[in-house]
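Fancy a few warm-up exercises? Grab your viewer, have a go at each task, then check your steps against the solution.

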Amino acid sequence: MTTLRERRQQCPLPLLEFHLLWQQVLGVSRSWLVAHDTDPLTDASCRSYDALETRRVAGEPMAYILGMREFLGRDFRVTPAVLIPRPETELLVECGLEAVRDRTAPRILDLGTGSGIVGISMALARPDAQVRATDCSEAALSVARMNARSLGAKLLFLLGNWYDDPCGSGTFDVIVSNPPYVPAGDAHLSCGDLRFEPAGALTDGADGLSALRTIIRGAPRHLSSGGALCVEHGFDQAAAVRTLFHAQGFRDVASLRDLAGIERITWGRLPARIFDE
Ligand SMILES: C[S@@+](CC[C@H](N)C(=O)[O-])C[C@H]1O[C@@H](n2cnc3c(N)ncnc32)[C@H](O)[C@@H]1O
């Protein structure tokens with residue numbers, strides 16, 4: 001019979017990944033693994049572990065192997081049907097929440113919700129809000145619905161192409177979106193984790209700005225007076241995105257930097273109309 005300590009000596013993975021895979025197999029905590037590293041392992045658990053290690057060595061992202069990724073302190077279920085949540089998207093949620101801080105019962109629209117991380121996090125932070133979240137992928141929406149159920153978030157999920165019919169009715173106080181923004185043919189698409197993620201979540205199949213253009217141009221028709229739009233974009237797209245915001249009449253347009261100092265989120269607010277609402 002082999003032990004964790006012996007298995008560790010032959011393992012090609014970093015220690016953290018070795019532990020995460022064994023935690024998955026044995027259903028135990030990391031501290032348990034450290035305390036029991038000389039306990040004998042069963043053949044069945046070794047076989048289960050080996051299957052996971054083979055996937056990881058082949059490059060499959062840990063989030064898909066574990067079926068989970070943490071976002072803003074909560075565990076979200078992820079499958080290969082959805083983008084793996086990124087830490088910089090937490091800034092999009094903060095920006096969206098800040099935009100409606102002074103509104104009661106705000107109406108929120110999350111375009112391209114994927115696993116639901118943005119809409120669900122906002123719904124949980126603002127239980128008084130009405131949150132609608134859309135995606136063009138039914139497979140992604142079923143992951144998002146599962147996450148909303150398990151986290152106890154109330155929001156309406158709709159299948160659709162950006163502002164097509166499902167979003168046509170009513171206006172929103174804030175629209176948030178992390179759309180596909182990697183240009184077609186970008187070398188990153190064939191590297192690392194991105195090889196395993198859905199292409200339709202990563203690239204617009206064009207210059208990287210086509211989904212952002214559709215979202216920014218359509219926003220004024222779907223925003224309330226003084227409503228805000230917050231979008232995530234690529235590391236080199238901030239200036240182009242700010243220009244698109246200004247062209248649609250947004251004010252106070254600003255880009256926010258992520259922890260690496262890169263402009264990742266751009267937002268702006270429509271002027272308040274005096275005689276409506
Ligand atoms: C970059 S992922 C973002 C997912 C999630 N919001 C996040 O931040 O992790 C973009 C999402 O937009 C969706 N999407 C792509 N094209 C779309 C379209 N035309 N209409 C609606 N959603 C679309 C994709 O299916 C994907 O789930």
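The exercises below deal with burial and side-chain pairings in this predicted model.

**Exercise 1. Work out which residues of helix α7 are buried.**

Step 1: Find the helix, which covers residues 117–125.
Step 2: Apply the cut-off: buried means under 20% relative accessible area.
Step 3: Go along the helix and you should collect Ile 117, Val 118, Gly 119, Ile 120, Ser 121, Met 122 and Ala 123.
Step 4: That makes seven of the nine residues buried, so α7 is largely enclosed by the rest of the structure.

**Exercise 2. Decide whether Glu 17 is buried or exposed, and find the partner of its side chain in a polar contact.**

Step 1: Locate Glu 17 in helix α2, residues 15–26.
Step 2: Its relative accessibility is 15%, so Glu 17 counts as buried.
Step 3: Skip the neighbours within four places in sequence, and Glu 17 is in contact with Arg 56 and Met 62.
Step 4: Look at the side chains: Glu 17 and Arg 56 are joined by a polar contact of 2.9 Å.

**Exercise 3. Take the salt bridge between Asp 173 and Arg 107, and work out which parts of the chain it ties together.**

Step 1: Check the N to O distance, which is 3.2 Å.
Step 2: Place both ends: Asp 173 sits in strand β6 (residues 172–177) and Arg 107 in strand β3 (residues 107–111), so the pair ties together parts 66 residues apart in sequence.
Step 3: Compare accessibility: Asp 173 comes out at 3% and is therefore buried, while Arg 107 comes out at 27% and is therefore partly exposed.
Step 4: Now widen the view, and you'll see Arg 103, Arg 107 and Asp 173 linked in a network of salt bridges.

**Exercise 4. Do the same kind of check for the salt bridge between Glu 263 and Arg 242.**

Step 1: The closest N and O atoms of Glu 263 and Arg 242 are 3.4 Å apart.
Step 2: Glu 263 belongs to strand β9 (residues 263–269) and Arg 242 to helix α11 (residues 238–247), so this pair links distant parts of the chain, 21 residues apart.Step 3: Glu 263 has 21% relative accessibility and counts as partly exposed; Arg 242, at 24%, counts as partly exposed too.

**Exercise 5. Find the salt bridge between Arg 145 and Glu 138, and classify both ends.**

Step 1: The side chains of Arg 145 and Glu 138 meet at 3.1 Å, N to O.
Step 2: Arg 145 is partly exposed at 30% relative accessibility, and Glu 138 is partly exposed at 40%.
Step 3: For the full tally, the count comes to 14 salt bridges.

Note on methods:
Residues are numbered from 1 along each chain as its sequence is written. This is a predicted model: local features need pLDDT of at least 70, side-chain atom pairs count only at pLDDT 80 or more; totals for chains, interfaces and linings use all residues. Side-chain values use heavy atoms; hydrogens and water are left out. Buried means under 20% relative accessible area, exposed over 50%, partly exposed in between (1.4 Å probe, protein chains only). Helices (H or I, at least four residues) and strands (E, at least two) are DSSP runs, numbered from the N terminus. A polar contact is a pair of N or O atoms within 3.5 Å; within protein, one must be able to donate a hydrogen and the other to accept it, and residues adjacent in sequence count only if both atoms are side-chain atoms. Contact means heavy atoms within 4.5 Å. A salt bridge is a side-chain nitrogen of Lys or Arg within 4 Å of a carboxyl oxygen of Asp or Glu.
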